[in-house]
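User: I'd like to learn how to read a model like this one. Could we start with what "buried" is supposed to tell me?

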Amino acid sequence: MDHTPIGKVCSFCGVVGTSKSSFAGGLGALMCSHCVMKYYEIMSSPETKRELQRPWWNVMTDEEILATVPKITAVQEQLDDFLREWIKVVRSRGLTWADVGRVMGITRQAAWQRFRAYAE
Ligand SMILES: [Zn+2]
């Protein structure tokens, strides 16, 4: 599993990581150091925290709305990559396709078909 920030995408702002970036995260979602600080400040104040409760896309321009689409796609691809990497970890521990299927709510066969190319 790749632990470097290079090419990773912040799940909050969409910035792409470089060798100088720092990301926090887990379960495939990542947050760049800029967003960590930004959300720390927002969450530290009741007034700014309330701002998060409104639909933030209501204050975005059409161009900002459109510019968000490829960022969401990049995050989705990153999550898919993380899931495939995690399934490799699962399989490397000797857990079965039936185990994978059980926790995903799919059959053993469906789990194998979905991930076999990445984790065998
Ligand atoms: Zn960010």
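Analyst: Sure. A residue is buried if 20 or more other C-beta atoms lie within 10 Å of its own, and exposed if 12 or fewer do. Keep in mind that this is a predicted model. Now take Leu30: 23 other C-beta atoms sit within 10 Å, so Leu30 counts as buried.

User: Where is Leu30 placed?

Analyst: Leu30 belongs to strand E2, which covers residues 29-32.

User: Which residues is Leu30 in contact with, leaving aside its neighbours within four places in sequence?

Analyst: There's a run of Lys8, Val9, Cys10 and Ser11, and then Phe23 and Gly25. As for Glu77, it is 47 residues away from Leu30 in sequence, while the C-alpha to C-alpha separation is 13 Å.

User: What share of the residues in the protein is buried?

Analyst: Buried residues account for 10% of the 120 residues.

User: Let's zoom out. How many helices and strands are there?

Analyst: You'll find five helices and two strands. Going along the sequence, the order is β-β-α-α-α-α-α.

User: And how spread out is the protein?

Analyst: Here you compare the radius of gyration with what the globule rule gives for that many residues. The protein has a radius of gyration of 18 Å, well over the 14 Å from the rule for 120 residues, so it is more spread out than a compact globule. Along the principal axes, the C-alpha trace spans about 50 × 30 × 30 Å.

User: How is the protein divided into domains?

Analyst: Domain 1 takes 1-53 and domain 2 takes 61-120. Their centres, taken over C-alpha atoms, are 21 Å apart. Six residues from domain 1 and eight residues from domain 2 make the contact. On the domain 1 side, the residues that touch domain 2 are two nonpolar, three polar and one charged.

User: What about contacts between residues distant in sequence: what share joins residues at least 24 apart?

Analyst: Of the contacts between residues at least 6 apart in sequence, 28% join residues at least 24 apart.

User: Last one: which elements have the lowest and the highest mean pLDDT?

Analyst: That's a matter of the predictor's confidence in each residue. Helix H2 (residues 46-51) has the lowest mean among the elements, 82, and helix H4 (residues 97-104) has the highest, 97. Over the protein the average pLDDT is 92, and 100% of the residues score at least 70.

Key:
Residues are numbered from 1 along each chain as its sequence is written. This is a predicted model: local features need pLDDT of at least 70, side-chain atom pairs count only at pLDDT 80 or more; totals for chains, interfaces and linings use all residues. pLDDT is the predictor's confidence in each residue, from 0 to 100. Helices (H or I, at least four residues) and strands (E, at least two) are DSSP runs, numbered from the N terminus. Domain bounds come from an automatic or database domain assignment. Two residues are in contact if their C-beta atoms, placed from the backbone, lie within 7 Å. Ala, Val, Leu, Ile, Met, Phe, Trp, Tyr, Cys and Pro count as nonpolar, Asp, Glu, Lys and Arg as charged, and the others, Gly among them, as polar. The radius of gyration is taken over C-alpha atoms; the globule rule is 2.2 Å times the number of residues to the power 0.38.
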